[in-house]
Amino acid sequence: MFIITVIKLLLIALNLFPSRWTNRKVMFLIYLTNLVTHVMMDEPRFAQPIPNVTVAVGRDANLPCVVEHLGGYKVAWIHIDRQMILTIHRHVISRIPRYSITYDNANTWLLHVNQAHQDDRGYYMCQVNTNPMISQVGYLQVVVPPNILDIESTPSSVAVRENQNINMTCRADGFPTPKIIWRREDGEEIAVEKKKKVLVYDGEVLPLTKVSRNEMGAYLCIATNGVPPSVSKRIILDVEFSPMIWVPNQLVGAPAGTDVTIDCHTEAHPKAIIYWVYNSVMVLPSKKYKTDYTENSYRAHMKLTIRNLQYGDFGNYRCISKNSLGETEGSIRVYEIPLPSTPSKQVTHTTIETRENNIIPTRNDSINSLQKDISLMKADLLGSGSSSASSSHSATASISGINGNGMSALGGSGINAVDRKGTLAIGKSMYYTEQPPKELDGSAAGTLHKSPNIFYLCRFALIFLLLRNQS
């Protein structure tokens with residue numbers, strides 16, 4: 001106001017003396033100009049603009065207003081969006097206790113906004129009550145991290161029948177508006193419209209068509225807007241279907257007395273009850289049976305071990321899977337197979353004379369050999385002469401030869417022993433053993449040499465009677 005008055009006076013002075021310029025007039029104008037300049041330099045002014053401030057909801061914010069040459073004027077803060085006076089000079093006018101003002105005794109007036117709310121977002125004016133009034137404006141941005149709205153989103157667990165369609169929804173609020181993405185927890189691709197598979201899907205609604213059991217699992221809905229922290233929701237998709245069973249080996253063979261393991265695989269959801277049946281009776285764990293069960297998601301693997309197989313354990317075993325949507329079974333036949341062949345112990349037939357002939361002689365071979373010996377001896381006796389005296393003499397000579405000489409060696413040429421493969425000469429000894437015979441020592445041979453000759457006398461008597469009957 002004072003400046004305007006000075007300017008008016010200056011203009012009046014110039015109008016009064018439009019043509020008469022003297023030194024005194026010039027000096028007067030210079031004085032007035034200096035006075036106006038001095039007055040204008042002492043007027044309040046803003047040293048710097050108010051910065052725009054961004055703060056997360058719940059945090060504190062500060063807005064500075066730097067005024068030079070304030071003098072006796074006062075500074076006020078106003079929230080333009082609310083049309084609310086917050087402070088005047090050092091006094092807080094607003095009834096909101098989160099607002100406060102500080103002055104650093106220099107030129108900065110600092111507006112404090114504690115625990116900022118979303119309502120605090122907007123333009124703030126710093127005003128000086130000059131005439132005319134001077135002011136400047138700054139902006140306070142209050143950002144809000146994303147928050148998923150459960151009431152507007154798909155529940156944490158949802159079920160659908162296989163080959164049906166389903167839309168999963170995820171909504172979130174925050175400032176700025178959050179972006180929604182979907183991904184599978186196991187890292188697998190998401191099948192969109194059956195022809196397109198993506199690792200990440202953008203959008204609040206995830207459409208799944210003709211859902212298969214392979215799409216069962218946990219899905220993550222993730223909301224981000226650049227304000228930490230990001231948030232996510234886990235939604236489990238259950239795909240329901242009736243049980244299925246497949247058997248790796250439908251025929252299993254094992255020898256009696258051994259252990260055998262049979263197994264079957266099943267898929268079902270909801271979770272199925274799996275058990276074994278044999279002869280229309282459920283198989284329970286016992287000393288005879290051992291059951292193992294492993295599960296992974298909707299897949300299960302069941303094993304049955306049968307210990308010490310016996311005759312009554314062979315037959316058909318059924319693996320049965322049952323849930324609320326249906327029942328199915330698989331059959332496994334356990335049959336007996338012979339034990340694997342093992343090398344048998346060697347059976348050796350040998351004589352004292354030699355080990356070269358290991359063929360076991362039969363009873364018929366011994367009888368045939370005896371008959372051949374008798375025939376040969378008979379031919380020899382008959383060929384020497386037809387008289388009985390001559391026969392008796394030959395027989396006596398034979399006996400004398402036997403008694404005098406004995407058996408000089410086993411298997412010798414005495415009495416025309418037949419030495420052919422597959423036969424055993426009369427008078428030879430035979431052993432039946434499971435192990436090869438040890439070498440005979442000298443004592444065993446001596447025992448054989450000293451054996452009585454009764455057997456040979458009886459044989460000679462038999463030959464003599466045959467000759468007598470023929471004569």
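## Strand pairing, cores and a surface patch

Start at Cys319: its bridge partner in β28 is Gly330. Bear in mind that this is a predicted model. Below is a quick tour of the strands around that pair, then the nonpolar cores, then a patch on the surface.

**Strands around Cys319**
- β27 (residues 315-323) and β28 (residues 326-336) run antiparallel, joined by nine bridges.
- The hairpin linking β27 to β28 goes through two residues.
- β27 also pairs with β23 (residues 273-278), again antiparallel, through six bridges.
- On that side, Trp276 has Cys319 as its bridge partner in β27.

**Nonpolar cores**
- The largest nonpolar core has 24 residues, and Ile166, Met168, Trp182, Leu208, Tyr219 and Leu237 have the most contacts inside it.
- Elements giving two or more residues to this core include β11 (157-161), β12 (166-169), β14 (179-184) and β19 (217-224).
- β20 gives the most, with four residues.
- Tyr219 touches plenty beyond its neighbours within four places in sequence: its contacts include Met168, Trp182, Leu208 and Leu237, along with Arg183, Arg184, Lys233 and Arg234.
- There's also a second, separate core of 23 residues, with Val53, Val75, Val113 and Val128 among them.
- As a general backdrop, nonpolar side chains tend to be buried together in soluble globular proteins.

**Surface patch**
- Ile80, Tyr123 and Val137 make a nonpolar surface patch of about 250 Å².
- Tyr123 sits in strand β9 (residues 122-128).
- Tyr123 counts as partly exposed because its relative accessibility is 45%, between the 20% and 50% cut-offs.

How values were computed:
Residues numbered from 1 in each chain as written. Predicted model: local features only at pLDDT ≥ 70, side-chain atom pairs only at ≥ 80, totals over all residues. Heavy atoms only, no water. Core = buried A, V, L, I, M, F, W, Y, C linked by side-chain atoms within 4.5 Å. Buried < 20%, exposed > 50% of the residue type's maximum accessible area, 1.4 Å probe, protein only. Contact = heavy atoms within 4.5 Å. Patch = residues over 30% accessible without salt bridge, like charges linked within 9 Å, V, L, I, M, F, W, Y side chains within 5 Å. Areas by Shrake-Rupley, 256 points an atom, 1.4 Å probe, with all protein chains shown as cover. Salt bridge = Lys/Arg side-chain N within 4 Å of Asp/Glu carboxyl O. Pairing = 2+ DSSP bridges.
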